[in-house]
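Good morning, and thank you for coming. Today I should like to take you through one protein chain, beginning with its helices and then turning to charged side chains.

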Amino acid sequence: MPKPKQPEQTSSGISRRDFFKSSTVGAVSTALVSGVHGEGSSVEVLGPGEVGIKLNVNGKTRRLRVEPRVTLLDALRSELDVTGAKKVCDRSTCGACTVLLDGKPVYACSVLAVEAQDKQIVTVEGLGTPEKMHPVQKAFVENDAQQCGFCTPGFVVACAAFLEKHPNPDIEDLKKGLGGNLCRCGTYDGIKKAVKQVAAEGGINA
Ligand code: FES
Ligand code: FES
């Protein structure tokens, strides 16, 4: 039986063959931008080479050069040596890379560094220090809410953001609010106790 023919052109006018033949992110982005916006569009096309960017990380302005394809997670860890956020799945499923972007928890593996410019980025290092821990960090220690520790920085950041929104959560709020973070060591009981302790002690701003 003859195979069905694939349509040669996408709705934006780019042929599928051309799309898959493009070997660099830059070539693909250029094709997409001109396909969507037309030639002579004022949309800025970045890359594929390195571009200079500025990131505000834990209250400090950091300048770096990255290719536009570089994720915020890789920029933090490999370029700026801010290694609290962990690279585990690298595809938005585990939450180990959670950081705050303008106060909202995001997976840093799924945000481009160039997109994070002009935003306040807070990692676990920005929440507190060993001498002056954030209430969530302190509660994690006191409730033994970690084992290997790989998921812990992301969980701490996610819990801090969660408690900001839900100062007195019940168990259902907890399941929903922290469902985007996974712990392969199964420390969920300790994490729940830590969150409950922070809520009982007056919340993250106590
Ligand atoms: S490393 Fe980003 S969600 Fe898993
Ligand atoms: S403590 Fe090991 S993955 Fe959570």
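At what angle do helix α5 and helix α8 pack, and how far apart are their axes? This is a predicted model, and in this model α5, residues 135-142, packs against α8, residues 188-200, at an angle of about 130 degrees. The two axes are 8 Å apart. I give both values because two packed helices are described by the angle between their axes and the distance between the axes. Angles over 145 degrees would count as roughly antiparallel, and those from 65 to 115 as roughly perpendicular; the angle here therefore makes α5 oblique to α8. On the side of α5, the contact is made by P135, V136, A139, F140 and E142. On the side of α8, the residues are I191, A194, Q197 and V198. The crossing of α5 and α8 is right-handed.

Helix α5 has another partner to consider, namely helix α6, residues 152-165. The axes of α5 and α6 come within 9 Å and cross at roughly 125 degrees. That angle makes α5 oblique to α6. The crossing of α5 and α6 is right-handed. Here V136, Q137 and F140 of α5 meet T152, F155, V156, C159, A160 and L163 of α6. Please note V136 and F140, which appear in the contact with α8 and also in the contact with α6.

Let us look at one residue of that second contact. T152 is placed in helix α6. Is T152 buried or exposed? Its relative accessibility is 12%, and T152 therefore counts as buried, since the cut-off for buried is under 20%. Apart from neighbours within four places in sequence, T152 is in contact with F140 and Q146.

I now step back to the chain as a whole. The chain has eight helices and five strands. Read along the sequence, their pattern is α-α-β-β-α-β-β-β-α-α-α-α-α. The chain holds 206 residues, of which 39% are buried. Of the contacts between residues at least 6 apart in sequence, 51% join residues at least 24 apart.

Helix α8 offers two residues for comparison. G190 is found in α8 and, with a relative accessible area of 10%, is buried. A200 is found in α8 as well, but A200 has a relative accessible area of 71% and is therefore exposed. Each can be paired with a residue from elsewhere in the sequence. G190 and E142 are 48 residues apart in sequence, and their C-alpha atoms are 9.1 Å apart. A200 and P167 are 33 residues apart along the chain, and their C-alpha atoms are separated by 9.1 Å. Not counting residues up to four places away in sequence, G190 touches N143 and A145.

Next comes helix α3. Which residues of α3 are buried? They are L72, L73, A75 and L76. The buried residues of α3 pack against the strands β1, β2, β3 and β5. Just after α3, D81 takes a positive phi of about 60 degrees.

My last topic is charge. The count of salt bridges comes to seven. One of them joins the side chains of E67 and R69, at 2.6 Å from N to O. E67 is partly exposed, with a relative accessible area of 27%. Another joins D189 and K192, at 3.9 Å. D189 and K192 both lie in α8, three residues apart, about one turn of the helix. Why does that spacing matter? An α-helix has 3.6 residues a turn, so residues three or four places apart point the same way. D189 is exposed, at 52%, while K192 is partly exposed, at 30%.

K87 forms a salt bridge with D90, with the closest N and O atoms 3.8 Å apart. These two residues belong to a network of salt bridges that links D74, K87 and D90.

I close with K86, which lies in the loop between α3 and β3. K86 is buried yet has no salt bridge. How far away is the nearest side chain of opposite charge? It is that of E125, at 6.4 Å, whereas a salt bridge requires the nitrogen and oxygen to be within 4 Å. Leaving aside neighbours within four places in sequence, K86 is in contact with L73, R77, A96, C97, F150 and P153. Among these, L73 is one of the buried residues of α3. Thank you for your attention.

Terms used
Residues numbered from 1 in each chain as written. Chains lettered and ligands numbered in written order. Predicted model: local features only at pLDDT ≥ 70, side-chain atom pairs only at ≥ 80, totals over all residues. Heavy atoms only, no water. Helix = DSSP H or I, 4+ residues; strand = E, 2+ residues; numbered from the N terminus. Buried < 20%, exposed > 50% of the residue type's maximum accessible area, 1.4 Å probe, protein only. Lys, Arg positive; Asp, Glu negative; His and termini not counted. Contact = heavy atoms within 4.5 Å. Axes fitted to C-alpha atoms, helices over the stretch in contact; angles between N-to-C directions. Parallel < 35°, antiparallel > 145°, perpendicular 65-115°, else oblique. Left-handed = near helix turned anticlockwise from the far one by under 90°.
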